[in-house]
Amino acid sequence: MKNFTHFFLIIALFFTIACTNNTADKGVVINGVTWATRNVNSAGTFADTPEDAGMMYQWNRKTAWTAIGNVNNWDSSLPTGTTWERENDPSPTGWRVPTLAELRTLLDTANVKHEWAIQNGVSGRKFTDKNTGNSLFLPATGYRKPYHGELFIVGATGGYWSSTPFDETYAFIVYLISSDAVWHNYSRRSAFTIRPVAE
């Protein structure tokens, strides 16, 4: 009986650690903004590692789409709203989708260096704070196209949502390619990954 109880305590500890790892993140400060070190996975959880794509989301929606392979029942309707509403934010507790202004702090070349990098076999861009040396890796996850949800150029590009709309049909992202990272606007129907900031 003693060994049986001990076994269940170990199992409980394992699940506690697993849940903590997937719902909590230490964060890293880059140019004054605290970023999670991992992408959002299913709603309320983080991906296992900084290199994992996590899940993809359409703008102002909480429905998660896989970052690999094909998807069924793609929703091509237009997401509405004037910001990414809190009830639709899939970020774990204590985190939220960043604003365009926050995403643009990563592109501030006076304070942040960014470069194409391969980390644990995964391509993406590494952002390093010139004042502190802190760094953040964003994997090149590709994205899902707006009308049928096809997965597009994984490993060569990546897009990360902001909570800021451009107009009624587009919203802002930071877009990663091997030669640069830029802010841009894309269809709200597209699905991109999310790297949240601390609330």
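**Figure 1. Phenylalanine 192 and its aromatic partner in the predicted model.** Phenylalanine 192 has a relative accessible area of 0% and is therefore buried; the model shown here and in the following views is predicted. Tryptophan 161 likewise counts as buried, at 0% relative accessibility. The rings of tryptophan 161 and phenylalanine 192 form an edge-to-face aromatic pair, with 5.0 Å from centre to centre and 85° between the planes. This contact links distant parts of the chain: tryptophan 161 belongs to strand β10, and phenylalanine 192 to strand β13 (residues 191–192), 31 residues apart.

**Figure 2. The aromatic cluster that includes tryptophan 161 and phenylalanine 192.** Ring pairs join Trp59, Trp84, Tyr143, Phe152, Trp161, Tyr175, Tyr186 and Phe192 into a cluster. In the structure as a whole there are 13 aromatic pairs.

**Figure 3. The aromatic pair of phenylalanine 46 and tryptophan 95.** The structure holds 13 aromatic pairs, among them that of phenylalanine 46 and tryptophan 95. Their ring centres lie 5.9 Å apart and their planes meet at 85°, so the pair is classed as edge-to-face, the cut-off for this class being over 60 degrees. The two residues come from distant parts of the chain, 49 residues apart: phenylalanine 46 lies in the loop between β2 (33–35) and β3 (57–58), whereas tryptophan 95 is in strand β4 (residues 95–96). Phenylalanine 46 is buried, with a relative accessible area of 1%. Tryptophan 95, at 7% relative accessibility, also counts as buried.

**Figure 4. The open sheet formed by β10, β11 and β12.** Three strands make up this sheet in the order β10-β11-β12, and their pairing is antiparallel. Strands β10 (158–165) and β12 (180–187) are at the edges with a single partner strand each, so one side of each has no neighbour in the sheet. On average, neighbouring strands are turned by 30° against each other, direction ignored. Between β10 and the antiparallel strand β11 (residues 170–177) there are five bridges. Glycine 159 stands opposite tyrosine 175 in β11; Tyr175 is also one of the residues of the aromatic cluster.

**Figure 5. Alanine 101 in helix α2 and its separation from threonine 164.** Alanine 101 is located in helix α2 (residues 100–105). Its relative accessibility is 56%, and alanine 101 therefore counts as exposed, for which the cut-off is over 50%. Along the chain, alanine 101 and threonine 164 are 63 residues apart, while their C-alpha atoms are separated by 8.7 Å.

Notes. Residues are numbered from 1 along each chain as its sequence is written. This is a predicted model: local features need pLDDT of at least 70, side-chain atom pairs count only at pLDDT 80 or more; totals for chains, interfaces and linings use all residues. Side-chain values use heavy atoms; hydrogens and water are left out. Two strands pair if DSSP finds at least two bridges between them. Helices (H or I, at least four residues) and strands (E, at least two) are DSSP runs, numbered from the N terminus. Axes are lines fitted to C-alpha atoms, for helices over the stretch in contact, and angles run from 0 to 180 degrees between N-to-C directions. Buried means under 20% relative accessible area, exposed over 50%, partly exposed in between (1.4 Å probe, protein chains only). Rings of Phe, Tyr and Trp (its six-membered ring) pair if their centres lie within 6.5 Å; planes under 30 degrees apart count as stacked, over 60 as edge-to-face and the rest as tilted.
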